Amino acid sequence: MTPVRTWLGYPYPLGATWMGNGVNFAIFSEHATGIELCLFDNIEATEENFRIPVTERTDQIWHVFLPDVGPGQLYGFRVAGPYDPEHGLRFNSSKLLLDPYAKAIAGEVIWADEMFGYAIGDKKEDLTQDFRDDAWGVPKSVVIDTGFDWQGDRRPGVPLHTSVIYEVHVKGFSKLWQEVPERLRGTYAALGSPACIDYLKKLGVTAVDLLPVHAHIDDKILVDRGLTNYWGYNTIGFFAPHAQYSSGAQTGAQVSEFKSMVRNLHAAGIEVILDVVYNHTAEGNHLGPTLCFRGIDNLAYYRLHPENPRLYLDFTGTGNTFNLLHPHTLQLVMDSLRYWVLEMHVDGFRVDLAVSLVRNHGGFNKLHPFFEIIQQDPVLSRVKLIAEPWDVGEGGYQVGNFPTPWSEWNGKYRDAARGFWKGDEGRIGEMGYRLTGSPDLYQHNGRRPSASINFVTSHDGFTLNDLVSYNEKHNELNGDGNNDGDNNNLSWNCGVEGPTDDPQINALRERQRRNFLTTLFLSQGVPMLLGGDEWGRTQKGNNNPYCQDNEISWFDWRHDEKQKQFLEFTRKLIWFREAHPVFRRPKFFQGRRIRGSEIRDVMWFNPGGSEMSDEEWASPFVRCVGMLLSGDTVDVVNFEGEPIRDDTFLLLMNAHYEAIPFVLPGQENLEWQLILDTMDPNGFLAEPKKIASGDDVDLRGRACCLLQLIRGAQAQAREESWKKRPVEFPPLSAEEERSRRK
């Protein structure tokens, strides 16, 4: 066997870097006593062809340069040191480890007892070290050539307040779509194909939010059940695109295929946002496998229990929490984020369970180094940053508490919209905030309406179709006895659990879906649409299909006439929002006369044509309201400083089961035009209906209407109705409302 030439190498950059005349390998470990670099000729090799001691160490970075190695090389590390779990040390040189900075990963875990650093079945559990080699059954890191022809790629740079985000799974979107070549279905190449891009463009979305594409592992417990970790919230490689989403057979091909997807989407004006999971890894708790971080430096990479470092702090519900209090772990996360922006050209991130990243020893910390580094970073501070503002630890719900420049998944928007439209009591006051960008949550620290990522449904929970079809979750196929998934869904099945042939119930369900999307796209803030909700995808009542890599999760593109009709409604709604800037303001409403003018930018009316009173806002029984948006304000201007003007609109919402006549506001001799009524199966009216101010709109039960002022001065519309009348609201409980399924 010819010996491998080795040079000293460099401590930076970390990972394996092709430098044209060889490959530099650099890996951090603070507590290791020795590291060996292992080279493999092919993915089927059961043991390494070469084992090279890494002897040079600079500031806790171990490094070596191999002048005879190039792109495509498979490799891993063996890290020596004490195996002493009771003191947080879990080194085991019998286990081949992935490079934390691997840009590509090949192969999958072939689960066996050898993948664990301790002796499975031993009475001392993880305190007894396992000395068997596992190289035959673990993934390998891959050296890549980062070169790629971007063909002049330019980021679309869509302002966040004008964005429409489409949350979607790379595989599930196209796996069953016959318009995509079969060999490409379910891959990055499919998502960047002409058919997919044409669909997204016609829908009107401006960004795709991809469920995790970082390399992940299928949990052993799922594999034993014949399932996989479909969602991918089980990361093992923070720099590597998941290889199973690639159509290419060549080792490392997933990197260039991902870049091609981004390039094609950018050319169509569509941005790419990644759902990233830096809060935990796939190695689980103290009884989990040793695949990477645990074996390289357990003390540095994980939050350990301060009184018993054998155990892991778990703020994520997955068994471990990544340790961003350690500078090298924090560096890894920042390097990963920058890599995906600079090298892979993505446009932003949705950070999963973001609260766990910024916990110090006392809990959520607004001054955490993670926040401060991003704020001053010239790269990351300029991309779209979206937090999932909660985790499962104490004090973990932090909606509204993230600093600039963060936006947040607004869980309060979701809950308010769901509760309102199913008739819950006391929702009207909160709906006023949610419709206007949630100023109660985001205005206090200088953020804008775009800080609120509004959504009714997401991957985590029911689809929109299931939200109106099921009262309870139905997760039996996940294998946990229906114990997984959230029990608090704020859903309503409209009278029957699951599919039904009852035409009245089906009509109500369709109307409720139109109500939800009308609310979503006509609210201030940034709307996020769950992929498939635009036509009515179902998961058959499963609200946690994280392990369902099958038809439960994959899009069924065989749409019936009702689904085609709903898709057309959704398209029109999205493009309507695009055409009218009053629904996507970059600034909060003031709700009063704006300085320098007599214009009130938003007003609220009751069905009698009077302005809403404090008593009505506080009433548990008010389920009907009108929101008037002024289009002729002067506070929103374009780049040249010219006011951005629009028409004046009136959105009427009635979550009560019965029709409520709604008196149109404004002075006499104004004319409104009814352009959208969710009672109509098409949503938008083929022939808009003209209605004079002071006349009644027949606002049907559980429906909303949108009217546009078409005659008269906008200022005259910003007044109580010249024919206003007293109004009373029936004191019905939520249960009484839902018992009347009109």
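Q: Before we look at any residue, what does "buried" mean here?

A: A residue counts as buried when its relative accessible area is under 20%. Keep in mind that this is a predicted model.

Q: Let's try that on Met431. Is Met431 buried or exposed?

A: Met431 has a relative accessible area of 3%, so Met431 is buried.

Q: Where does Met431 lie, and which residues is it in contact with beyond its neighbours within four places in sequence?

A: Met431 lies in helix H10, residues 428–435. Apart from those sequence neighbours, Met431 is in contact with Ala416, Ala417, Phe420, Thr519 and Met653. You can also follow the chain further along: Ser523 is 92 residues apart from Met431 in sequence, and their C-alpha atoms are separated by 10.0 Å.

Q: Now a strand. How should I read its two faces?

A: The general idea is that side chains in a regular strand alternate between the two faces of the sheet. Take strand E25, residues 624–629: on one side sit Cys624, Gly626 and Leu628, and on the other Val625, Met627 and Leu629, all of them buried. Since 6 of the 6 residues of E25 are buried, this strand is largely enclosed by the rest of the structure.

Q: Which strands pair with E25, and in what sense?

A: Strand E24, residues 602–605, runs antiparallel to E25, with 4 bridges joining them. Strand E26, residues 649–654, also pairs with E25 in the antiparallel sense, over 6 bridges.

Q: Which residues could I pick out to see these pairings?

A: For E24 and E25, find Val602, which stands opposite Leu629. For E25 and E26, look at Met627, whose bridge partner is Leu651.

Definitions and conventions. Residues are numbered from 1 along each chain as its sequence is written. This is a predicted model: local features need pLDDT of at least 70, side-chain atom pairs count only at pLDDT 80 or more; totals for chains, interfaces and linings use all residues. Side-chain values use heavy atoms; hydrogens and water are left out. Helices (H or I, at least four residues) and strands (E, at least two) are DSSP runs, numbered from the N terminus. Buried means under 20% relative accessible area, exposed over 50%, partly exposed in between (1.4 Å probe, protein chains only). Contact means heavy atoms within 4.5 Å. Two strands pair if DSSP finds at least two bridges between them.
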